[in-house]
Amino acid sequence: MKAEKMDKIRDMSVAELEHKRHDLEERIFRVKFQAATTQGEGLTSLHALKLERARVATILREKKEK
């Protein structure tokens with residue numbers, strides 16, 4: 001499962017990766033805000049979003065170095 005997700009991320013262009021990273025940042029902000037007001041998805045989804053953001057940032061950095 002993780003390998004498939006990484007392959008999909010690796011196939012994205014730099015612009016797509018930057019857009020996805022921006023979307024993830026917004027989603028993380030919303031989840032944190034909802035958690036603060038006790039109406040959120042929970043810490044599990046926050047952790048998953050942060051992991052995906054880290055994956056995207058890693059691939060984006062690799063592509064920009066080339």
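His-22 lies in helix H2. In this predicted model, the residue is partly exposed, with a relative accessible area of 45%. Its C-alpha atom is 9.0 Å from that of Arg-53, although His-22 and Arg-53 are 31 residues apart in sequence.

**Overall layout**

The chain has three helices and zero strands, and the order of elements from the N terminus is α-α-α. Along the principal axes, the C-alpha atoms fill a box of roughly 45 × 25 × 15 Å. Of the contacts with a separation of 6 or more, 68% join residues that are 24 or more positions apart.

Of the 66 residues in the chain, 20% are buried. The accessible surface comes to about 5100 Å², and carbon and sulfur atoms account for 54% of that area. The chain carries 16 positive and 12 negative charges, and the mean positions of these two sets are 4 Å apart.

**Helices H2 and H3**

Helix H2 covers residues 14-36, and helix H3 covers residues 43-65. The spans of these two helices are set out below.

| Helix | Number of residues | Distance between end C-alpha atoms | Expected span at 1.5 Å a residue |
|---|---|---|---|
| H2 | 23 residues | 33 Å | 33 Å |
| H3 | 23 residues | 33 Å | 33 Å |

For H2, the distance from the first C-alpha to the last is close to the expected value. For H3, the distance between the end C-alpha atoms agrees with the expected value.

Which residues of H2 are buried? They are Leu-17, Leu-24, Ile-28 and Val-31. The cover over the buried residues of H2 includes H1 and H3. Just after H2, Thr-38 takes a positive phi of about 55 degrees.

In H3 the buried residues are Ser-45, Leu-46, Leu-49, Glu-52, Val-56, Ile-59 and Leu-60. These buried residues of H3 pack against H1 and H2.

**Arg-10 in H1**

Arg-10 is found in helix H1, which covers residues 2-10. With a relative accessible area of 40%, Arg-10 is partly exposed, because this value falls between the 20% limit for buried residues and the 50% limit for exposed ones. Leaving aside residues up to four places away in sequence, Arg-10 touches Ile-59, Glu-62 and Lys-63. One of these partners, Ile-59, is among the buried residues of H3. Leu-46 is also a buried residue of H3, but the C-alpha atoms of Arg-10 and Leu-46 are 22 Å apart. In sequence, Arg-10 and Leu-46 are 36 residues apart.

**The aromatic pair**

A pair of aromatic rings is described by the distance of the centres and the angle of the planes. The chain has one aromatic pair. The rings of Phe-29 and Phe-33 have their centres 6.4 Å apart and their planes at 20 degrees, so the pair is stacked. The distance between the centres lies within the 6.5 Å limit for a pair, and the angle is under the 30 degrees required for stacking.

How are Phe-29 and Phe-33 placed along H2? Because they are four residues apart in this helix, about one helical turn separates them. Are the two residues buried or exposed? Both Phe-29 and Phe-33 are exposed, whereas Ile-28 and Val-31 are among the buried residues of H2.

Definitions and conventions:
Residues numbered from 1 in each chain as written. Predicted model: local features only at pLDDT ≥ 70, side-chain atom pairs only at ≥ 80, totals over all residues. Heavy atoms only, no water. Buried < 20%, exposed > 50% of the residue type's maximum accessible area, 1.4 Å probe, protein only. Contact = heavy atoms within 4.5 Å. Areas by Shrake-Rupley, 256 points an atom, 1.4 Å probe, with all protein chains shown as cover. Lys, Arg positive; Asp, Glu negative; His and termini not counted. Charge placed at Lys NZ, Arg CZ, Asp CG, Glu CD. Phe/Tyr/Trp six-rings, centres within 6.5 Å; stacked < 30°, edge-to-face > 60°. Expected span 1.5 Å × (residues − 1).
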